[in-house]
Amino acid sequence: MSEMYSDETIHALTEALGFSPENTTLRGQVAEMLMGRGRLQEAEEMLRDGLKRSPGHLGLGLAMGECLLRLERRPEAVVVLESLVGPAGSDAAALVQLAGLLLRAGERDSASLVYRRAVREDPGRAEPKLGKELGVVPNQESDEPDQPEDLPFDDALDDEEWDEAAGRVRVRADHSPSGSPIEMERPSMGFDDVGGMQGLKEEVRLKIIEPIRNADLYKAYGKSIGGGILMYGPPGCGKTHLARATAGQIDAGFLAVGIHDVLEMWLGQSEQKLHALFDYARANTPCVLFFDEVDALGMKRSAVGGSGGRNVINQLLSELDGVRDRNDGVLILAATNAPWDLDAALRRPGRFDRVIFVPPPDTAGAAAILRLHLQGKPQEAIDVSTVAAKCSGFSGADLKAVVDRAVEAKLSDALKTGTPEPITTRDLVKAARKTRASTREWFATAKNHALYSNDSGHYDDILDYLKIKR
Ligand code: ATP
């Protein structure tokens, strides 16, 4: 509503609202009018009253987000806006509006996710300017269902992966030389956004960042360059997060590739697709090429099927060797939850010759992760160490869930009382009690491998973590 209404009109409508306070449409309109006149405090009061009467109301919530942003109360705006992601459901218009507000609130990843959902619900609602700002280019091939093989990364964003990908939004920002769309992310985060993991950050810096930055120096000392780092460990402990932050740390692009995608979606042409992917990476340096689920290439996995898996491995090995020989600004990282299924050839020098265990964070790491996820949220002075001490075995993703849970509880209270209260240490401890450490199952399996098939000492780190004597 962009027209400017007179104070008299607003006054009359406010009076009318007094007679039918449950009329949320009218309330929303009056609030918009007040905002149009710059009467933000009054608009806020009106919306708060409305939200008290109709908790979770989408239109009022959106208006409240807008109002709080204009009042420059960003943390509160973020809490209100993020609470609307669920209620917005499949309402494309609301989702587009929500995406715009989230972007203004500085929540770029959430905005991008919400915008993509809106456009998938109703492509007609796309707003090119917003899409461009979010780096989300329309799916140009969607009218050509006959050529799905040209759309490998598009297909990767089906419904199921959408949820799973919630923490790792991929933004398509470019097109490969061959014309097929490939999603290259430009992460805005860096190592400061990764809690704990000091050893691993240092390893990544020495092993892959510095050699790229100081190639001549490394050569002068006869130090070989190249080779990737393979991270393994329980799910949710920050492998992908660190890979993405590595890209952001050096202003490089980020290409995330699930090996399952390579094998299943590109059935019959995985080798060519892998080659095209490396070509694309080389043409867009510097970039971090991140392979997830590399265990899917292991020959022990019959699910991969026949000789296809072998060919893909050979192709991957020769591409990795090519990257090493040319040292061309492509940084390779990979991750797996099942290192015991890995093909041994991947561990050879110049390939993934650094294989690093990524355990759940220790107490100090957990405190740092909690602090990161609490950033920008209304809070009292929080004793994160006390909370972290209750989070033994929690992954980074579990810790994020603790914060999310505390925020949700706070929000539902705020919608009832109309007054947002800051998050406290107690809220977080309560949320931690309700959250399960998700890494336990992984360790149950890992322990067996570490005890009974550890001939080459690959899993000593797991035994050390579990405090089992070797
Ligand atoms: P998987 O093996 O299931 O792929 P993963 O080890 O790659 O898991 P991530 O996807 O990196 O785990 O982590 C999931 C989410 O947990 C991240 O998006 C991030 O929000 C949070 N997280 C994990 N580790 C950290 C960390 N060290 N600092 C901050 N956030 C973290």
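## A tour from the ligand to the aromatic pairs

Select T240 and the ligand: a polar side-chain atom of T240 lies 2.5 Å from an oxygen atom of the ligand. This is a polar contact, meaning a pair of N or O atoms within 3.5 Å. The model is a predicted one, in which local features need pLDDT of at least 70 and side-chain atom pairs count only at pLDDT 80 or more, while totals for chains, interfaces and linings use all residues. Residues are numbered from 1 along each chain as its sequence is written, and side-chain values use heavy atoms, with hydrogens and water left out.

Next, add N337, where an N or O atom of the side chain is 2.8 Å from an oxygen atom of the ligand. Then add G236, whose contact comes from the backbone: one of its N or O atoms there lies 2.8 Å from a ligand oxygen atom. Taken alone, the ligand exposes 630 Å², and the protein buries 86% of that. These areas come from the Shrake-Rupley method with a 1.4 Å probe.

Now show the whole shell around the ligand. It has 19 residues, of which G236, K239, T240, H241 and N337 come nearest; a residue is near if one of its heavy atoms lies within 4 Å. Colour helices α13 (239–249), α17 (363–374) and α19 (396–417), since each supplies at least two residues of this shell. Helices here are DSSP runs of H or I with at least four residues, and strands are runs of E with at least two, numbered from the N terminus.

Leave the ligand and turn to the aromatic rings. The structure holds eleven aromatic pairs. Rings of Phe, Tyr and Trp (its six-membered ring) pair if their centres lie within 6.5 Å; planes under 30 degrees apart count as stacked, over 60 as edge-to-face and the rest as tilted.

Select F278 and F291. Their ring centres are 5.8 Å apart and their planes are at 25°, so the pair is stacked. F278 sits in helix α15 (residues 270–283) and F291 in strand β5 (residues 287–292), 13 residues apart. F278 is buried at 0% relative accessibility, and F291 is buried with a relative accessible area of 0%. Buried means under 20%, exposed over 50%, and partly exposed in between (1.4 Å probe, protein chains only).

Last, select F443 and Y465. With centres 4.9 Å apart and planes at 10°, this pair is stacked. F443 is buried at 8%, whereas Y465 is partly exposed at 32%. Widen the selection to Y232, W340, F357, W442 and Y459, which form one aromatic cluster with F443 and Y465.

Conventions
Polar contact = N/O pair within 3.5 Å; in protein donor to acceptor, adjacent residues only side chain to side chain.
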